[in-house]
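Please take a moment to look over the sequence and the structure before reading on. The paragraphs after it are meant to be read with both in view.

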Amino acid sequence: MLILPVEPHHIPALSQLAADTFTETFGHLYPPEDLDAFLVKSYAPDVLTRETADPAQFWRIVFDGENAVAYLHCGPVGLPHPDADPAREGELKRLYVHSSQQGKGLGKRLLTLAQDWMTDTYGPAAQWIGVWSENHKAQALYAAHGYERVGEYQFPVGQTLDDEFILRRAPR
């Protein structure tokens, strides 16, 4: 497995991987028009090209041979919580592992990489994550790494609003 910084030539693979992993994880929850609108808004190549070019964002993509199998995105916290400070704190925004690679420790490796980046970037500040309220597997992983639920919000996927939890890891 190779964990690489996302470069412009990775965008097509990242776009496909992001759409595939979101759909395999959550696609069954949404009407097709909501899912399609979200995928275009969030994972189209032009969107990802802009996002990955932003120096305040941290992106990694994982390849198993020629196949993109996981990715990670961190940046300044953007969650709707009164204590969240984007000038001083980071957020794990996306961490997706293709179902074919789950259970092999890759998610834990990427979470550690995210935490290390946030510590290097923001120092011993709080670290944040938003997670779907019904994603118990991810919540267990985050709890095992010191994240606690501190709030809730709704995340739009097309016209559908998902109930999300806001998790925070105390400063270290």
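What follows goes from the nonpolar cores to the packing of helices, and then to a few single residues.

The model shown here is a predicted one, and every value in the text is computed from it. A useful place to begin is the interior, since in soluble globular proteins nonpolar side chains tend to be buried together. The largest nonpolar core has 25 residues, and those that touch the most other members are L72, L92, L95, L110, L111 and Y142. Several elements give two or more residues to this core, namely strand 2 (58-64), strand 3 (67-76), strand 4 (90-97), helix 4 (106-122), strand 5 (127-132), helix 5 (136-144) and strand 7 (160-169). Of these, helix 4 gives the most, with 7 residues.

L111 offers a view of this core from one of its members. When neighbours within four places in sequence are left aside, L111 is in contact with L92, L95, I129, L141, Y142, H145 and Y147. Apart from this core there is a second, separate one of 22 residues, which includes F38, Y43, W59 and I61.

The next topic is how the helices near the start of the chain meet one another. Helix 1 (residues 11-26) and helix 2 have axes that come within 10 Å and cross at roughly 145°, and helix 1 passes helix 2 in a right-handed crossing. On the side of helix 1 the contact is made by S15, A18, A19, F22 and T23, and on the side of helix 2 by L35, F38, L39 and Y43. Divided by class, the residues of this contact of helix 1 with helix 2 are 7 nonpolar, 2 polar and no charged.

Helix 1 also meets helix 3 (residues 45-53), and here the axes come within 9 Å and cross at roughly 110°. Because of this angle, helix 1 and helix 3 are roughly perpendicular to each other, and helix 1 passes helix 3 in a right-handed crossing. The residues that meet are I11, L14 and S15 in helix 1 and P45, L48, T49 and T52 in helix 3. By class, this contact of helix 1 with helix 3 has 4 nonpolar, 3 polar and no charged residues.

The remaining pair is helix 2 (residues 32-43) and helix 3, which pack at an angle of about 35° with their axes 6 Å apart. Helix 2 brings V40, K41, S42 and Y43 to the contact, while helix 3 brings P45, V47 and L48. The contact of helix 2 with helix 3 has 5 nonpolar, 1 polar and 1 charged residues by class.

Some single residues can now be placed within this picture. T49 is found in helix 3, and with a relative accessibility of 42% T49 counts as partly exposed. The C-alpha atoms of T49 and V6 are separated by 9.6 Å, although these residues are 43 residues apart along the chain.

Is Y122, whose place is in helix 4, buried or exposed? Its relative accessible area is 18%, and Y122 is therefore buried, the cut-off being under 20%. Leaving aside neighbours within four places in sequence, Y122 is in contact with G75, P76, P86, A87, R88, E89, G90 and W117. By contrast with those contacts, the C-alpha atoms of Y122 and T25, which are 97 residues apart along the chain, are separated by 30 Å.

S133 lies in the loop between strand 5 and helix 5, and at 9% relative accessibility S133 counts as buried. Not counting neighbours within four places in sequence, S133 is in contact with Q139, D163, E164 and F165.

F165 appears again in the surroundings of R149, whose place is in strand 6. R149 touches F165, I166 and L167, with residues up to four places away in sequence not counted. R149 and F165 are 16 residues apart in sequence and 6.5 Å apart in space, C-alpha to C-alpha, and at 47% relative accessibility R149 counts as partly exposed.

The last residue is G158, found in the loop between strand 6 (147-157) and strand 7. G158 is partly exposed, with a relative accessible area of 31%, and apart from residues up to four places away in sequence G158 touches D34 and F38. The C-alpha atoms of G158 and L39 are 119 residues apart along the chain and are separated by 9.1 Å.

Definitions and conventions: Residues numbered from 1 in each chain as written. Predicted model: local features only at pLDDT ≥ 70, side-chain atom pairs only at ≥ 80, totals over all residues. Heavy atoms only, no water. Core = buried A, V, L, I, M, F, W, Y, C linked by side-chain atoms within 4.5 Å. Buried < 20%, exposed > 50% of the residue type's maximum accessible area, 1.4 Å probe, protein only. Helix = DSSP H or I, 4+ residues; strand = E, 2+ residues; numbered from the N terminus. Contact = heavy atoms within 4.5 Å. Axes fitted to C-alpha atoms, helices over the stretch in contact; angles between N-to-C directions. Parallel < 35°, antiparallel > 145°, perpendicular 65-115°, else oblique. Left-handed = near helix turned anticlockwise from the far one by under 90°. Nonpolar A, V, L, I, M, F, W, Y, C, P; charged D, E, K, R; others polar.
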